[in-house]
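Reader: I am new to this structure. Please show it to me, and then let me ask about its parts.

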Amino acid sequence: MAGPTTDRLRPRPTDNAVFGKEILGGATEPTYGGVLSFMRRRFSRDLDGIDVVVWGIPFDAAVSNRPGARFGPQGVRRASAIFDGDPQYPFQADPFEHLAVVDYGDCSFDYARHDEIPAAIEAQARDILEAGPLLCSIGGDHYVTWPLLRAHAALHGPMALVHFDAHQDTWHDDEGRIDHGSFVARAVREGIIRPERSIQIGIRTHAPEDCGIEILYGEDLETLSVAEVVERIRARVGDAKAYITFDIDCLDPAFAPGTGTPVAGGPSSRQALMILRRLGFLDIAGCDLVEVAPAYDHADITSIAGATVVQHYLGLIAERKQGKSGA
């Protein structure tokens, strides 16, 4: 009697992150097994023909409250496995049918030399950008956006900043400090973002100044409709090159408890994602997700929200590549 067929014994490939033969297309692995890259994308440093690089920056030495965002890239990658292999809601398509995406792994730095880390992040980000792909980064605390903005501005010039957060991050420092609450003020002073084209969404704290950036406060997200919020973003940013940064503490702690500086009164994950989904008109130069701290999470609520933000980034970029606005 003939034994089982090879197909029955080996029904589908596993560990697509390492052994996948094709860059395009989704994987079909169990969500609870396998090597965990972001959405099962292949781990690779070969950027030939790649549209988007997902890159982790496990740094959290700049936090003002609870540390732990150094584990954010791990947590978000783990949570992203639930998206593997399916048409992606709400985009009704698999972005990887048209978008070549790799997981580049994590930024490399000496954890004990904090003064060298900003330059290390910037230099490695520039290496990726100069090879051609769009860079989607996963932090780490919000300080990492500062060297990322510098790397992107070196390529694109001054950009609009679309900033989802509970905090303005416009506190001043003496340029020598490493602080996750001052990157916006630094970027304005250095001229790498355009405050007249920039907007902050979900703010629920006060800082000494707004740096000329438009602010939509947490309460505004309740009194304005999603469509009205999107139109405010469209009117502010226009056709400028835009960098999107999403601090997970933009969400109310009910939807993102796993973060270092939670602030009550924020939007639900549904509200924020509905806004993000409608930003396909933006000319996205780069994007990041920061401040996921899995140690304070429950049942991966925050990591799932963070992974969904990055999934939305990829959906918007895939639509734009196909000539769709997504708005």
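Author: One term comes before the rest. A nonpolar core is a set of buried Ala, Val, Leu, Ile, Met, Phe, Trp, Tyr and Cys residues joined through side-chain atoms within 4.5 Å. Buried means under 20% relative accessible area, exposed over 50%, and partly exposed in between, with a 1.4 Å probe and protein chains only. This is a predicted model: local features need pLDDT of at least 70, side-chain atom pairs count only at pLDDT 80 or more, and totals for chains, interfaces and linings use all residues. Residues are numbered from 1 along each chain as its sequence is written, and side-chain values use heavy atoms, with hydrogens and water left out.

Reader: Which helix gives the most to the largest nonpolar core?
Author: The largest core has 54 residues. Phe-38, Val-162, Phe-164, Ile-233, Phe-246, Leu-279 and Leu-282 touch the most other members. Helices (H or I, at least four residues) and strands (E, at least two) are DSSP runs, numbered from the N terminus. With nine residues, the top contributor is helix 10 (residues 301-321).

Reader: In what order do the strands of the open sheet run?
Author: Two strands pair if DSSP finds at least two bridges between them. The open sheet has eight strands with parallel pairing. Strand 2 (101-106) and strand 6 (214-217) each have a single partner strand, so one side of each is left without a neighbour in the sheet. The order is 2-1-3-8-7-4-5-6.

Reader: What angle does the direction of helix 10 make with that of strand 8?
Author: Helix 10 packs on the sheet, touching strands 1, 2, 3, 7 and 8. Contact means heavy atoms within 4.5 Å. Axes are lines fitted to C-alpha atoms, for helices over the stretch in contact, and angles run from 0 to 180 degrees between N-to-C directions. The angle is about 170°.

Reader: How many residues of strand 8 are buried?
Author: Strand 8 (residues 283-290) pairs with strand 3 (residues 134-139) over three bridges. Asp-288 is the bridge partner of Ser-137, and Leu-289 that of Ile-138. Strand 8 is mostly covered. Of its eight residues, the buried ones number seven.

Reader: Over how many bridges do strand 7 and strand 8 pair?
Author: The pairing is in the parallel sense. One of the bridges joins Lys-241 to Asp-283 in strand 8. The number of bridges is seven.
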